[in-house]
Amino acid sequence: MLAFREKIVKCGCCGKDIGEIVFDKSYKMPDEIWNLSKTEKEERAQIDSDLCRLDDRYFIRGVAYLPVNGTDNSYGWGIWAEVSQEDFFDYVENYEEDNSTKPKFFGLVANVIPSYENTIGLELTVQLGSETQRPEFYFTDPMHLLTKEQAEGISIEKVHSFSSNKS
Ligand SMILES: [Zn+2]
């Protein structure tokens with residue numbers, strides 16, 4: 001008989017099983033749009049689940065994954081990035097296609113990410129995915145904690161702290 005090799009990973013802060021801990025958080029829209037009044041939203045913004053426009057600025061939704069050390073999982077921040085008009089419309093036009101071989105392009109974080117400082121305007125690159133994948137975001141500022149953690153990983157305890165935040 002084959003050995004059952006599933007690894008049980010528990011949180012060091014509370015002993016919760018890894019399966020009970022939330023591994024992602026998503027934002028419905030960029031913070032700047034979220035914070036507008038209803039009237040302003042209607043007048044100035046166009047809001048879709050993966051694409052937003054505010055005046056002449058353009059935003060796409062993607063995921064920034066942080067690997068979780070000691071597990072096969074990653075934590076996914078489902079955030080928005082401001083991108084150039086050109087990259088935005090290129091994405092829109094090819095939305096139904098496999099874009100995973102397209103070159104990366106530049107973006108700026110458009111959400112406050114709790115537990116981290118100064119995330120609005122943080123630089124990243126966007127890697128588009130296949131038809132069924134959301135774009136992936138890679139932080140590029142060498143001085144920012146998120147860039148370090150995306151490269152080196154985070155602890156399961158830190159993942160648990162994300163969902164304990166009242167923000
Ligand atoms: Zn815990």
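Trainee: Why is Cys 52 called buried?

Mentor: Keep in mind that this is a predicted model. Cys 52 comes out at 1% relative accessibility, and buried means under 20%, so Cys 52 earns the label.

Trainee: What makes Cys 13 count as exposed or buried?

Mentor: Its value is 53%. The cut-off for exposed is over 50%, so Cys 13 counts as exposed.

Trainee: Which atoms are the protein donors of the zinc ion?

Mentor: The SG atoms of Cys 11, Cys 13 and Cys 14, plus ND1 of His 160. They lie 2.0 to 2.3 Å from the zinc ion, and a donor has to be within 2.8 Å of the metal, so these atoms qualify.

Trainee: Why is the arrangement around the zinc ion called tetrahedral?

Mentor: Look at the angles: the 4 donor atoms subtend 95 to 123°. Tetrahedral needs all angles between 85 and 135 degrees, so the name fits. The ideal, by the way, is 109.5 degrees for four tetrahedral donors.

Trainee: How are the donors spaced along the chain?

Mentor: As C-x1-C-C-x145-H. Cys 14 sits in the segment before strand E1 (24-26) and His 160 in helix H5 (residues 156-164), so this pair ties together parts 146 residues apart in sequence.

Trainee: Are Cys 14 and His 160 buried, exposed or partly exposed, and why?

Mentor: Cys 14 is at 40%, in between the 20% and 50% limits, so it is partly exposed. His 160, at 11%, falls under 20% and is therefore buried.

Trainee: How many disulfides does the structure hold?

Mentor: It holds 0.

Key: Residues are numbered from 1 along each chain as its sequence is written. This is a predicted model: local features need pLDDT of at least 70, side-chain atom pairs count only at pLDDT 80 or more; totals for chains, interfaces and linings use all residues. Side-chain values use heavy atoms; hydrogens and water are left out. Donors are N, O and S atoms within 2.8 Å of the metal (3.2 Å for Na, K and Ca); water is not among the atoms, so sites may look incomplete. Four donors count as tetrahedral if all angles lie between 85 and 135 degrees; four count as square planar and six as octahedral if opposite donors are over 155 degrees apart and all others between 65 and 115; anything else is irregular. Helices (H or I, at least four residues) and strands (E, at least two) are DSSP runs, numbered from the N terminus. Buried means under 20% relative accessible area, exposed over 50%, partly exposed in between (1.4 Å probe, protein chains only). A disulfide is a pair of cysteine sulfur atoms within 2.5 Å.
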